Amino acid sequence: MPPVEMTTSRDWLRLHKKIGAVTLLICISALGGNVAWIMVLSTHARRYDAEDFFLIAGILLVMVLTTALMRSIGRVAGIERERARTNQELQRSQARLRAVVKFLPVGVVVVDAPIGSLILANDQHEQLLKYALIPGATLWEQCGQRVYHADGRPYEYRDWPMARAICSGEVVLDEEVWTERGDGSRACLSVNAAPIFDSTGTISAAVMAFT
């Protein structure tokens, strides 16, 4: 979908730039014809009235506005090209990240903030948990309600390592978590969780790794 949107936007800018160029050409032709006509009539001692000057002023105003519009379209086109380049770089970075995470020997999941919807999970997590996670669904709904403290108490959401990373920015290291796996067995996991901050310092996501 994003490529289609960018292509449509480029077509829209190209169309408006053509319209602006045609409008500017018409204005130049009209202005030139008007001035030439006045100069020809000037030999017959024609008296110029206010309408002539208003017409010339109107044509000049349209030319100025059209030129400004074309310059604005050029700037927007530059922004669109920069956005397309940024999107391509982001897609390449995400592809590299997925390639690296895929082959890590530990389970890795990445969720967004503040909801906690699953963004990315590698293959190892499924081998450890014995069930697959669904992208887009919240991680707590899929596996958070299956985790327990060492003494058997179920985790509350606010105490869960991933929730602490998302909500308070806490970095959790090597926390012992017991979980029910997809095949009915229980396993003890060593969980690490950390927040991911954007350029403004806001928590935009969180990552959890476990063995």
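The exercises below, each with a worked solution, concern a predicted model of a single chain.

**Exercise 1. Establish the order of the secondary-structure elements and the layout of the sheet.**

Begin with the inventory: the chain has five helices and six strands. Reading from the N terminus, these elements follow one another as α-α-β-β-α-α-β-α-β-β-β.

Next, place the strands side by side. They form an open sheet of six strands in the order β2-β1-β6-β5-β4-β3, and the pairing is antiparallel. The edge positions are held by β2 (118-121) and β3 (147-148), each of which has a single partner strand, so one side of each is left without a neighbour in the sheet.

Then count the bridges for individual pairs. Strand β1 (residues 107-112) is joined to β6 over six bridges in the antiparallel sense, and within this pairing glycine 107 stands opposite phenylalanine 210 in β6. The antiparallel pairing of β5 with β6 runs over seven bridges, with alanine 193 having methionine 208 of β6 as its bridge partner. At the β3 edge, β3 and β4 are paired in the antiparallel sense over two bridges, and valine 147 has threonine 179 in β4 as its bridge partner.

**Exercise 2. Determine which residues and elements build the largest nonpolar core, and follow the contacts of methionine 208.**

Start from the general expectation that nonpolar side chains in soluble globular proteins tend to be buried together. In this chain of 211 residues, 32% count as buried, and the largest nonpolar core has 25 residues, of which Leu139, Trp160, Met162 and Met208 touch the most other members. At least two residues of this core are supplied by each of β1, α3 (123-129), α4 (139-142), α5 (161-168), β4, β5 and β6. The greatest contribution is that of α5, with four residues.

Now take methionine 208 by itself. When its neighbours within four places in sequence are left aside, methionine 208 is in contact with Gly107, Val108, Val109, Leu139, Trp160, Met162, Val191, Asn192 and Ala193. Three of the residues named above for touching the most other core members, Leu139, Trp160 and Met162, thus appear in this list of contacts.

For the chain as a whole, among contacts with a separation of 6 or more, 44% are between residues 24 or more positions apart.

**Exercise 3. Describe the largest cavity and the largest pocket by volume, lining and composition.**

Take the cavity as the opening step. The search of the whole structure finds one cavity of 30 Å³ or more, and the largest cavity holds about 120 Å³ of space. Its lining consists of 14 residues, and those nearest the centre are Cys143, Val147, Trp160, Leu189 and Met208. Trp160 and Met208 recur here, having been named among the residues that touch the most other core members. The strands β4 (172-180), β5 (186-197) and β6 (203-210) each contribute at least two lining residues. By composition, the lining of this cavity has 13 nonpolar residues, one polar and no charged.

Turn then to the pocket. About 210 Å³ of space lies in the largest pocket, which is lined by Leu90, Ser93, Gln94, Leu97, Arg98, Val110, Ile119, Leu120 and Ile196. Two or more of these residues come from each of α2 (50-102) and β2, and α2 provides the largest share, five residues. The lining of the pocket divides into six nonpolar residues, two polar and one charged.

**Exercise 4. Locate the backbone features with a cis peptide bond or a positive phi, and state the exposure of the residues concerned where it is given.**

The general background is that most residues other than glycine have a negative phi, and most peptide bonds are trans.

Consider the peptide bond before proline 114: alanine 113 and proline 114 are joined by a cis peptide bond, with omega of about 5 degrees. Proline 114 belongs to the loop between β1 and β2.

Continue with the residues that are not glycine. Lysine 130, in the loop between α3 and α4, has a positive phi of about 65 degrees, and at 41% relative accessibility it counts as partly exposed. Aspartate 174, which is placed in strand β4, has a positive phi of about 50 degrees; with a relative accessibility of 55%, aspartate 174 counts as exposed, the cut-off for that class being over 50%.

Finish with a glycine: in the hairpin of β5 and β6, where five residues lie between the strands, glycine 201 takes a positive phi near 85 degrees.

How values were computed
Residues are numbered from 1 along each chain as its sequence is written. This is a predicted model: local features need pLDDT of at least 70, side-chain atom pairs count only at pLDDT 80 or more; totals for chains, interfaces and linings use all residues. Side-chain values use heavy atoms; hydrogens and water are left out. On a 1 Å grid over the protein atoms alone, a cavity is a set of points where a 1.4 Å probe fits but cannot get out, and a pocket is an open set with protein on both sides within 12 Å along at least five of seven lines; lining residues have an atom within 4 Å of a point. Grid points are joined across faces, edges and corners, and a volume is the space filled by probe spheres set on the points. Ala, Val, Leu, Ile, Met, Phe, Trp, Tyr, Cys and Pro count as nonpolar, Asp, Glu, Lys and Arg as charged, and the others, Gly among them, as polar. Two strands pair if DSSP finds at least two bridges between them. A nonpolar core is a set of buried Ala, Val, Leu, Ile, Met, Phe, Trp, Tyr and Cys residues joined through side-chain atoms within 4.5 Å. Buried means under 20% relative accessible area, exposed over 50%, partly exposed in between (1.4 Å probe, protein chains only). Contact means heavy atoms within 4.5 Å.
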